[in-house]
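Trainee: Could we go through this structure together? I would like to begin with the strands and then turn to the empty spaces.

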Amino acid sequence: MKRNVFYLLMLFFVFTACNRDDLQNNPENMEVVQKDPLTAKQINEKINETIKTKGRFSWKESSDHFVWSAIYQGNKIASIGFGSSFDRSLTPDNKAIEEEILSIIEQYEGKERVLLSSDQYLNQIDVAIERQETVIALRKMENIRYLEPADYHYFENERKFNGAAKSSSSSSGCGFESTALSSSDYTTITPNAKAPWSFTKHNIINAWSYSTGAGVTIGVIDSGTSPEQSLLGSSFNNGLSSGRTISKNGVYVDSVWPWSSGFDGPNDQCGHGTSMASAMVAPRNNLGQPVGVAYNANLVTYRAASNVVLDGYHEQNGVKIAFTELGNNNNVKIISMSMGHIFSVGKIEDGVKYAYSKGKLIFCAGGTSTSFTNFVGVIFPAWMSEAQAITGVKENTSNQKCDVCHSGSEIDFTYQMERASGNSIPVLSYYNGQTDYVGGSSVATASTAGIAALVWSKNPSWTRDQVLNKMRQSATYYPTPNSDYGYGNINVLQAVQ
């Protein structure tokens, strides 16, 4: 009798196990309640509604159908983060997990060759997905950290659905203009350089008696640097700037198709990256041009996107690559990025965490916009704990944001970049021998990265945390940060003494 019961139990377990496998592995058994994808307009409306009501939108907290709809409307490309860590080197079985994921995708999609890319350093892959059943199956896996659309163009769709009147709201941040500087917006210093008005407000000129940034390398992730601007090229060592290096890299693919390859080089085709590099490290020149905060620091530039709006596959992929490569560059101590998105991007989040794990001090823009996104607080990735979020404030204030700047509890520091006249910060133009102005949280971020270089140069043996603590101790609201403006403005002379 006992033997018969044993056989019956064995048959039961075998039967149920087989049926469980069938349910998991047979696409036809996957229950799909809503079969048609949402339109791009519906997706955008839901994202906006979520941000307005909850303060933040996350793909992780969205339904299977919603995530699949965005994948479907975004060239059917998905980004997957897997494993217990973002770092491949910390996940011994990363290849096995990746193969398991690809096997499931191929099974549900009914085809092979679904892999678009596999990151060398991160537990992250990009894959082709068409079926909602695939998304449902993948999101049930324990080893999946995130599954997101990899090429959903939120801003492009927003411009389309809200009309041309609002198109400037998600401005690309690009411009090749040159503007003559008002004499009230700079001070002429030796040998013949123009020090922006904000340098006096933050006590930067006096701080140069103690530190000029020598020996520190800053990495900037942006739209590249101008090949026309020799002070960010062949004349990087000019005037009182000497003995330093500049390295230019390109990791952006200029194509609307996710499967395209081939980086288009390091040259700025927007103008924004040139402005940021100038604010940080332009030489203390003898040509009558604006000087940067850390005029003796080294610079490594990355053209990672076409503009400041990280809205597509190649922009997001380029930024991820830039963070990982800068993370692996032992010479780089500081990373500055004045670009972002209004919601998180998993692969970029992984890249930021990777660079942070390598000891880098990371500065990101808190956000700059007009009426369209004024309901958004601090943007991604500035809101991450691994990044220092920076915003711009008006002259002589530490808690009055610039007219287009964002603020919020995630802000760490502020920088004065908007005058009563409306003028912002003088910088080098895209073109030789010409000048321009640049504003927003972008220039506030680049300038603060330059300040960090001055502090680290003065104290080369310090850790990232020691540099940060000194910056905090030298700021307006130390030791109790302001609820929307962090530690406020930094007195740079105090920070380097």
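**Strand E9 and its surroundings**

Mentor: In strand E9 (residues 298–303), 6 of the 6 residues are buried, so the strand is largely enclosed by the rest of the structure. Buried means under 20% relative accessible area, exposed over 50%, and partly exposed in between, with a 1.4 Å probe and protein chains only. Strands (E, at least two residues) and helices (H or I, at least four) are DSSP runs numbered from the N terminus. This is a predicted model, in which local features need pLDDT of at least 70 and side-chain atom pairs count only at pLDDT 80 or more, while totals for chains, interfaces and linings use all residues. Residues are numbered from 1 along each chain as its sequence is written, and side-chain values use heavy atoms, with hydrogens and water left out.

Trainee: Which residues of E9 lie on each side?

Mentor: Asn 298, Val 300 and Tyr 302 are on one side, and Leu 299, Thr 301 and Arg 303 are on the other. Both faces are covered.

Trainee: And which strands pair with E9?

Mentor: Strand E7 (residues 217–222) pairs with E9 in the parallel sense over 6 bridges, and strand E8 (residues 246–250) does so in the parallel sense over 5 bridges. Two strands pair if DSSP finds at least two bridges between them. Thr 217 has Asn 298 as its bridge partner in E9, while Gly 250 has Arg 303.

Trainee: Is the crossover from E8 to E9 left-handed or right-handed?

Mentor: The chain passes from E8 through helix H9 (residues 272–281) to E9, and this β-α-β crossover is left-handed. A right-handed one would run clockwise from the first strand over the helix to the second, with the strands pointing away from the viewer.

Trainee: New topic: what about Asn 157?

Mentor: Asn 157 lies in helix H6 (residues 154–162) and is buried, with a relative accessible area of 7%. Leaving aside residues up to four places away in sequence, Asn 157 touches Ala 40, Asn 44 and Tyr 152; contact means heavy atoms within 4.5 Å.

Trainee: How many cavities of 30 Å³ or more are there?

Mentor: The structure holds 1. On a 1 Å grid over the protein atoms alone, a cavity is a set of points where a 1.4 Å probe fits but cannot get out, and lining residues have an atom within 4 Å of a point.

Trainee: What lines the largest cavity?

Mentor: Its lining includes Trp 59, Tyr 152, Gln 316 and Phe 343.

Definitions and conventions: On a 1 Å grid over the protein atoms alone, a cavity is a set of points where a 1.4 Å probe fits but cannot get out, and a pocket is an open set with protein on both sides within 12 Å along at least five of seven lines; lining residues have an atom within 4 Å of a point. Grid points are joined across faces, edges and corners, and a volume is the space filled by probe spheres set on the points.
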